[in-house]
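Colleague: I've just opened this one and don't know my way around yet. Put it up on the screen and walk me through, please.

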2 protein chains.
Amino acid sequence: MSDLIASDSPESAPLLVVGSVAFDNVITPHAEQQRILGGAASYCSFAASYYTQVRMVGVVGNDFGESDLGRLKARGIDLEGVKRDESGPTFFWKGKYHENFNRRDTLDIRLNVFENFRPDLPESYKDSPFVLLGNIHPALQMHVLDQLSGDAFVLADTIDLWIETEREALLSLIQRVNLFVINDSEAEELTGESNVILAGNKLRQMGPESVIVKKGEHGAILFHQDGMFALPAFPVTQLHDPTGAGDSFAGALIGRLSSRNRSDFASIKEAMLYATCTASLTVEAFGCDRLESAGKSQIEGRVDSLKQLISIC
Amino acid sequence: MSDLIASDSPESAPLLVVGSVAFDNVITPHAEQQRILGGAASYCSFAASYYTQVRMVGVVGNDFGESDLGRLKARGIDLEGVKRDESGPTFFWKGKYHENFNRRDTLDIRLNVFENFRPDLPESYKDSPFVLLGNIHPALQMHVLDQLSGDAFVLADTIDLWIETEREALLSLIQRVNLFVINDSEAEELTGESNVILAGNKLRQMGPESVIVKKGEHGAILFHQDGMFALPAFPVTQLHDPTGAGDSFAGALIGRLSSRNRSDFASIKEAMLYATCTASLTVEAFGCDRLESAGKSQIEGRVDSLKQLISIC
C-alpha cells in the first residue's frame, strides 16, 4: 500500500483497536445497501490504517468470507486478534435513516457470535502504546485495559445504550481513559447538562484526562487541561451514509497520534483535523467503501482545505 | 464613553442602522422580564456602538421615555433618525422560550406605531458608507437603499416571516446587498437546501457578494468569493435570554468593519470574531443590559479567548 502513512513515519507506534465487526443493512432516504462490512472495529481500523500499524481485535462469524478479511488485510491491518467463530453468523445490524439523516431507527439487530465476544489479546498486542476501545460493553473495554503490559494512551468511545444500562461500569472505565470521545446527545445524557461546554467540563471531572464532544456536522470540541479547542466539521455536501462517521473520527484521531507517538494538547488538536477529514470521506459512500479507497493525498488535501476554512488570516 | 472604540480609530466610517425599536416581554425557563428595550435597531446599534459612530433610524411611540433614549445616547448613538410618533405606543412583542432555549413562541405582538414606519433618512445620513438593514419588510429595506447618495457597503438581515410572505421583494433586495446574514433554518427555507454548505453557496448565487449563515451555539459560516470561513460560537455557559443575539452579531460585525473602513474577506473574518463575542454578551442577560454595560476590554478579552479556542497551534 503506497499510501500507508505508517511506512514513512519512523516514530510511528502500533495501535490496538478493539470493537465490533458487523454486516449492516443500511437504508437511507435515497438508497439501500445490504451486507455492508461495518462495525466499530472495521471503521476504526480502516481509518487508522492511513496513519499507523493497526492491531485489530474482534470476532467474525461463519459468514465472514476471505474477501471480507482481504479488504482489511489490503490496508495492512494486523488480524491476529480477529477470531473466527464458526458457531454462527457475524453481528448483524439493520438501520434506516430519516430525511436529512438527523435521526435513525434500528430495524433489526442480531448479536450472533458477538454475544459471546471476549476481547482476549494476543501476547504480541499487550504492549500496544496506543489503544482505541470501540463502543463495546464497558466491562469488556475494562478487560482490555487489564491485559495491557505497559502505559498506554487510551481512547474510549461509547454509545447511549451503555449510558442507559451500564452507567456504573462506564463511570469506572472512563477514570482509566486518557481521551474519552462522545457525541453531544450522549454527553448530555451522561452529565445531565444540555450546555455542551458545561457537559464537557463535567465529563473531564469524571476522570478522563481529555474529552472530545462530537457534534456531527457542527464539528467537535476538545476539553483538555491545557485548554479548549473547537473545530468545525469538514464541509460535506455529498452525504450518503453517516454510519461509522464517529468510529472513523476516533480511528483517524488516535491513528494520527500513534503515527507521531505523541498525545499532548497540540498533537490532539492536529489529530482532530485528520479525524474530521477522514470521517468526511466515510459519509460520502455506504459503509467503508469511500474510506477504504481514499488515498492519503486526498486526506491531506482535505486537511489543507480545513486549515484554510478555519484560518482567520 | 471611554470605551467607544470609534473615538480611537481615525479611519472609522459612520454606520447607518435601520430597524425596529420595541418593548419586549420575555419569558425564559428560569425568569420573566417586562418592558425590555429591544427591537433589531436597538440591539444592532448598541452592539455597533463599541466600534463606530452609529446613525440610527427607527420609530418610537408615546410610551418611549427620556430614560430609554438616554440609554442609547449614553452609547454615543446619533438619534436624529429616530422619530417619535405620539399617535400610539412603541412596537410590542411578548415571547416565551422553551426548555433549553431551542425554540420560542410569540405570545403577543402589537405593531403600534411601527405599522406606519417609513425609514426616511435625514439628509446627514444619506452618505453613510456602511449600512445595516435590520430585519424589517424588504420593501422598506429597499427604500433605504434608494435614498443613499454614495456607494455603501450594505449588510441585510431578514426573518422567516419575509421569506414566507415577501419572497419576491426579498429576492430583489438581496441582489443589492453586499453581505446577507441569515440563520440556518431561514437559509434552508429560502433555498430549499438542508445542507448548510449547499444553502450558503446557493444564496450567493442569488445575488449578494457574501453570505453568512448563523448556526447559533454552533457558530457561523461565511461564504465569500475568496473562500469560506467557519467560526465556532464563543462558548457561553450562562445563557439567560437569546433575544437579540442575531442583531448583536450583525451590529458588531458591520460596526467592526466600519471602524476599520474595510470590507475585504480577511476583514469580514476578523469582524466575525468580534460579532460572535459581542453576541455572547447579549445572551448573558435580559435584553440589552449586558451588552450595554460590557466594556471594550471585556469584548477584547473574549476575542483573545476565541482566537485561542480556534487556534491549531
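Modeller: Let's start with a rule: two strands pair if DSSP finds at least two bridges between them. Helices (H or I, at least four residues) and strands (E, at least two) are DSSP runs, numbered from the N terminus. This is a predicted model: local features need pLDDT of at least 70, side-chain atom pairs count only at pLDDT 80 or more, and totals for chains, interfaces and linings use all residues. Residues are numbered from 1 along each chain as its sequence is written, chains are lettered from A and ligands numbered from 1 in the order in which they are written, and side-chain values use heavy atoms, leaving out hydrogens and water.

Colleague: OK, how many bridges join β4(B) to β5(B)?

Modeller: Look at the end of β4(B) for one pair: B:V60 has B:R84 of β5(B) as its bridge partner. The two strands run parallel, and the number of bridges joining them is five.

Colleague: And which residue in β4(B) stands opposite B:V17?

Modeller: That takes us to β1(B), which runs parallel to β4(B) and is joined to it by four bridges. Opposite B:V17, in β4(B), you'll find B:M56.

Colleague: Which strands of chain B stand at the edges of the open sheet?

Modeller: Nine strands make up this open sheet, with mixed pairing, in the order β5-β4-β1-β8-β9-β10-β11-β12-β13 (chain B). An edge strand has a single partner, so one of its sides is left without a neighbour in the sheet. That picks out β5 (78–84) and β13 (227–231).

Colleague: How many residues of strand β4 of chain B are buried?

Modeller: Buried means under 20% relative accessible area, exposed over 50%, and partly exposed in between (1.4 Å probe, protein chains only). In a regular strand the side chains alternate between the two faces of the sheet. Here B:V54, B:M56, B:G58 and B:V60 point one way while B:R55, B:V57 and B:V59 point the other, and all are buried. Of the seven residues in β4(B), then, the buried count is seven.

Colleague: Which helix of chain B packs on the sheet, touching β9 through to β13?

Modeller: At that end of the sheet, β12 (residues 220–224) and β13(B) run antiparallel, joined by five bridges. B:A220 stands opposite B:L231 there. The helix touching β9, β10, β11, β12 and β13 of chain B covers residues 265–282, and its name is α9.

Colleague: How wide is the arc that holds the buried residues of α5(B)?

Modeller: An α-helix has 3.6 residues a turn, so residues three or four places apart point the same way. In α5(B) the buried ones are B:L170, B:L171, B:L173 and B:I174. Taking the directions from the helix axis to the C-beta atoms, they line one face of the helix because they all fall within an arc of 160°.

Colleague: How many of the 10 residues of helix α3 of chain B are buried?

Modeller: Among the elements covering its buried residues are β1, β8, β9, α4 and α5 of chain B, where covering rests on contact, meaning heavy atoms within 4.5 Å. B:P138, B:L140 and B:H143 are among the residues hidden there. The helix spans residues 138–147 and is mostly covered, its buried residues numbering eight.

Colleague: Which helix gives the most to the largest nonpolar core?

Modeller: A nonpolar core is a set of buried Ala, Val, Leu, Ile, Met, Phe, Trp, Tyr and Cys residues joined through side-chain atoms within 4.5 Å. The largest has 103 residues, and those with the most contacts inside it include A:L179, B:F180 and B:I182. The top contributor to this core, with 10 residues, is chain A's helix α9.

Colleague: Which C-alpha of chain A is nearest the axis relating the two chains?

Modeller: Chain A superposes on chain B by a rotation of 180° with 0.0 Å of shift along the axis (RMSD 0.0 Å), the fit being least squares on C-alpha atoms of residues with pLDDT of at least 70 in both. That is the relation of a two-fold axis. At 3.0 Å from it, the nearest C-alpha in chain A belongs to A:H218.

Colleague: Last one: is A:N100 buried or partly exposed?

Modeller: A:N100 is found in the loop between β6 and β7 of chain A. Its phi is near 70°, a positive value in a residue other than glycine. With a relative accessibility of 39%, A:N100 counts as partly exposed.

Notes. Axes fitted to C-alpha atoms, helices over the stretch in contact; angles between N-to-C directions.
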